[in-house]
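Got the structure open in your viewer? Let's take a walk through it, one selection at a time.

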Amino acid sequence: QAVAGCVILAAVGFVAFQGLTNAEQYFLTTKQAVAQRAQLGTKPFRIEGSVEHDVRQSGNDIRFDIYNQGVTVAVDSSGSPPQLFRPGIPVVLVGHWQGNVFASDQIMVKHGARYTAAHPGRLKSQLPAAGKGK
């Protein structure tokens, strides 16, 4: 019984470790999401990118674009933006494809020392330099 208990405990520990280490990358970049749009269909997923300078209110929705690695995705969000939400900041959005637009119902701002250490290049604004357009 002691051996069986140790085996079960080790298996649970391994599964927990795998879940925690794989949780670091629980979203797709804008480039990955656009490349996988057909396979993703309308299934919910998380997408990451930097907010462009085109944030606009449309009724109860917020419309904006996210940008990363030369790829822009239009977003229509029905979720309330967090207090730190602003152009140039990296975000992770929860939602699904609705044609060529990402329909989001949750916006999460990416920040903090742990995230910075894990993804140093992502906290820099991904927006093109002024005057260069999209």
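Start by selecting β4 and β5: these two strands run antiparallel and are joined by 7 bridges. Keep in mind as you look that this is a predicted model. For one of the pairings, pick Phe64 and follow it across to Val75, its bridge partner in β5.

**The turn between the strands**

Now slide to the connection in this hairpin, where 2 residues sit between the strands. Click on Gln69, which lies in the loop between β4 and β5. Gln69 isn't a glycine, yet its phi is positive, at about 50°. Is Gln69 buried, partly exposed or exposed? It counts as partly exposed, because its relative accessible area is 47%.

Select Gly70 next, also placed in the loop between β4 and β5. Gly70 has a relative accessible area of 58%, so it counts as exposed. While you're here, bring up Thr30 as well: Gly70 and Thr30 are 40 residues apart along the chain, and their C-alpha atoms are separated by 9.0 Å.

**Along β5**

Go back to β5 and color it on its own. Why call this strand largely enclosed by the rest of the structure? Because 5 of its 7 residues are buried. β5 has another pairing to look at, this time with β7: the two are parallel, with 4 bridges between them. Show Asp76 and look across to β7, where Ala103 stands opposite.

Stay with Asp76 and turn on its side chain. It meets the side chain of Arg63 in a salt bridge, at 3.3 Å from N to O. This pair ties together distant parts of the chain, with Asp76 in strand β5 and Arg63 in strand β4, 13 residues apart. How do the two ends compare in exposure? Asp76 has a relative accessible area of 17%, under the 20% cut-off, so it is buried. Arg63, with 33%, is partly exposed.

**The other salt bridge**

How many salt bridges does a search of the whole structure find? There are 2. For the one you haven't visited yet, select Arg56 and Asp54, whose closest N and O atoms are 3.5 Å apart. Here Arg56 is partly exposed at 41% relative accessibility, whereas Asp54 counts as buried at 19%.

**Into the nonpolar core**

Time to head inside. The largest nonpolar core has 19 residues, and the ones to select are Phe45, Ile47, Phe64, Ile66, Val91, Leu93 and Phe102, which touch the most other members. To see where the core comes from, color β2 (45-51), β4 (61-68), β5 (71-77), β6 (90-98) and β7 (101-109), since each of them supplies at least two of its residues. As background, nonpolar side chains in soluble globular proteins tend to be buried together.

Zoom in on Phe102 and display what surrounds it. Leaving aside residues up to four places away in sequence, its contacts include Phe45 and Ile47, along with Val73, Ala74, Val75 and Asp76. Phe102 also touches Leu93, Val94, Gly95, His96 and Trp97. You've met Asp76 already, as the salt-bridge partner of Arg63.

**Zooming out**

Now show the whole chain as a cartoon. You should be able to find 4 helices and 7 strands, in the order α-β-α-α-β-β-β-β-β-β-α along the sequence. Of the 134 residues in the chain, 35% are buried. Switch to a surface view and you're looking at about 8,100 Å² of exposed area, 58% of it supplied by carbon and sulfur atoms. As for contacts with a separation of 6 or more, 54% of them link residues 24 or more positions apart.

**Last stop: confidence**

Finally, color the chain by pLDDT. The average is 78, and 64% of the residues score at least 70. Which elements have the lowest and highest mean pLDDT? Helix α4 (residues 113-118) has the lowest, with 51, and β5 has the highest, with 96. Next select residues 16-24, where the pLDDT is below 50 and the model shows 3 contacts beyond near neighbours in sequence. Then select residues 129-134, where pLDDT stays under 50 too and the model has 5 contacts beyond four places in sequence.

Conventions:
Residues numbered from 1 in each chain as written. Predicted model: local features only at pLDDT ≥ 70, side-chain atom pairs only at ≥ 80, totals over all residues. Heavy atoms only, no water. Core = buried A, V, L, I, M, F, W, Y, C linked by side-chain atoms within 4.5 Å. Buried < 20%, exposed > 50% of the residue type's maximum accessible area, 1.4 Å probe, protein only. Contact = heavy atoms within 4.5 Å. pLDDT = per-residue confidence, 0-100. Areas by Shrake-Rupley, 256 points an atom, 1.4 Å probe, with all protein chains shown as cover. Salt bridge = Lys/Arg side-chain N within 4 Å of Asp/Glu carboxyl O. Pairing = 2+ DSSP bridges.
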